[in-house]
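The following exercises practise the reading of a protein model. Each consists of a task and a solution in steps.

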Amino acid sequence: MASSNVNVDLVKSSRPSAPSEEILQITIVNSQTLSTGTKLKINSEGLTRGSKRNANDGITYFGYTEGDDKTVDYLLPPKFTQGAFKSSENEKCIGRYFQISYNTIMKSYYLRDLGNGLGTFVKIKDCMSLKDNSLINIGDSYLVITFDPPIEKTEGNEEGTIESRYQGIGRRLIVNLYDEKRDNQKKTYSFVPSGKIIRIGRRKHGNDIELEDSLVSKVNSNIQYHDKEGWIIRDGNEIRTPTGELQQMPSTNGTWFLAIEDYRIYDGLIFKGHFNLFCCNFIKN
């Protein structure tokens with residue numbers, strides 16, 4: 001098995017939290033329904049201006065409601081608002097898509113998907129520890145991560161703890177690949193714990209997991225097993241420079257994961273939610 005040389009802080013996304021005197025600024029980078037360049041400001045009480053709920057409870061809800069419904073703070077209109085798709089598509093898109101909350105103890109902001117809309121995905125900047133039932137998005141494809149088989153906990157067997165099972169330590173990696181362009185056609189891949197680098201990228205480039213998508217990089221991302229951290233996914237491809245040094249090159253359009261748990265926001269974080277692309281920065285109050 002591979003020796004562990006992964007930066008644990010990066011794996012756990014333990015980036016510096018936001019000081020209490022700073023507020024979170026979210027910029028709309030790209031959108032099909034909102035004005036790009038719009039900046040939203042959130043403090044420890046919630047959205048500072050224009051909140052529909054105006055609850056000041058430390059949570060900002062993003063989503064779509066109709067009429068006088070005040071269950072969200074900031075409206076994210078669905079893609080289809082007119083014509084034949086209006087009633088059928090809007091019904092699927094009513095509710096809270098994701099939330100940003102402030103933790104007064106950690107003095108940090110957290111992002112979490114709420115199960116409505118099309119999912120809230122965070123762009124992987126460095127590397128991330130895969131967990132059981134992680135959902136990864138690359139181009140038009142989705143990778144569902146599971147681990148098998150379960151390991152019984154015995155005395156002295158750290159691989160049997162709840163946390164280690166959740167991280168897949170000592171367990172086989174199962175990747176179920178779904179292609180959205182091909183009616184979610186499913187392919188299943190299986191990998192045993194070893195030092196092998198599992199490459200994910202465009203078809204016909206020698207990858208272990210092949211994606212039929214012209215917008216995906218030749219090698220878009222890779223997965224590797226480490227003894228202490230479990231299965232780690234990195235965006236991009238490791239290349240050798242003319243001087244002989246190894247350098248990690250990011251992919252063109254990124255590797256994304258579904259934020260099904262509270263994920264601590266760091267300066268420069270990029271995420272997408274329901275046809276919208278956002279960038280997070282901290283600014284002085």
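**Exercise 1: Salt bridges**

Task: State how many salt bridges the count comes to, and describe the pair R53 and D73.

Solution. The count comes to eight salt bridges, where a salt bridge is a side-chain nitrogen of Lys or Arg within 4 Å of a carboxyl oxygen of Asp or Glu. The model is a predicted one, in which local features need pLDDT of at least 70 and side-chain atom pairs count only at pLDDT 80 or more, while totals for chains, interfaces and linings use all residues. Residues are numbered from 1 along each chain as its sequence is written, and side-chain values use heavy atoms, with hydrogens and water left out.

Step 1. Recall the principle: side chains of opposite charge can pair when their charged atoms come close.

Step 2. Between R53 and D73, the closest N and O atoms are 3.0 Å apart, and the two residues form a salt bridge.

Step 3. Locate the partners. R53 is in the loop between β3 (46–47) and β4 (59–64), and D73 is in the loop between β4 and β5 (74–75), so that the pair links distant parts of the chain, 20 residues apart. Strands are DSSP runs (E, at least two residues) and helices likewise (H or I, at least four residues), numbered from the N terminus.

Step 4. Consider accessibility, where buried means under 20% relative accessible area, exposed over 50%, and partly exposed in between (1.4 Å probe, protein chains only). R53 counts as buried because its relative accessibility is 18%. D73 counts as buried too, because its value is 3%.

Step 5. Extend the picture: R53, D57 and D73 are linked in a network of salt bridges.

**Exercise 2: Two further pairs**

Task: Where do the partners of the salt bridge between R112 and D262 lie, and where do D208 and K196 lie?

Solution. Step 1. R112 forms a salt bridge with D262, with 2.8 Å between the closest N and O atoms. R112 lies in strand β7 (residues 108–113) and D262 in the loop between β20 (256–258) and β21 (263–264), so the pair ties together parts that are 150 residues apart in sequence.

Step 2. R112 counts as partly exposed because its relative accessibility is 28%. D262, at 43%, also counts as partly exposed.

Step 3. D208 forms a salt bridge with K196, the closest N and O atoms being 2.9 Å apart. D208 is in the loop between β14 (198–202) and β15 (209–211), whereas K196 is in the loop between β13 (185–191) and β14; the two are 12 residues apart.

Step 4. D208 is partly exposed at 24% relative accessible area, and K196 is partly exposed at 42%.

**Exercise 3: A sheet**

Task: Give the strand order of the open sheet of five strands, and name its edge strands.

Solution. Step 1. Strands of a sheet pair through backbone hydrogen bonds, either parallel or antiparallel. Two strands pair if DSSP finds at least two bridges between them.

Step 2. The order is β5-β4-β6-β7-β21, with mixed pairing. The edge strands, β5 and β21, each pair on one side only.

Step 3. Inside this order, β4 and strand β6 (residues 95–103) pair in the antiparallel sense over six bridges. The bridge partner of I59 in β6 is S101.

**Exercise 4: The surroundings of D213**

Task: Is D213 buried or exposed, and which backbone nitrogens lie 3.0 Å from a polar atom of its side chain?

Solution. Step 1. D213 lies in the loop between β15 and β16 (221–226). D213 is buried, because its relative accessible area is 7%.

Step 2. The backbone nitrogen of D140 lies 3.0 Å from a polar atom of the D213 side chain, and the backbone nitrogen of L215 lies 3.0 Å from such an atom as well.

Step 3. Contact means heavy atoms within 4.5 Å. Leaving aside neighbours within four places in sequence, D213 is in contact with G139, D140 and R202.

**Exercise 5: Cysteines**

Task: State how many disulfides a search of the whole structure finds, and examine C279.

Solution. Step 1. A disulfide is a pair of cysteine sulfur atoms within 2.5 Å. The search finds zero disulfides.

Step 2. The closest cysteine sulfur to that of C279 is in C280, 6.5 Å away, which is too far for a bond. C279 is buried, with a relative accessible area of 18%.

Notes
A polar contact is a pair of N or O atoms within 3.5 Å; within protein, one must be able to donate a hydrogen and the other to accept it, and residues adjacent in sequence count only if both atoms are side-chain atoms.
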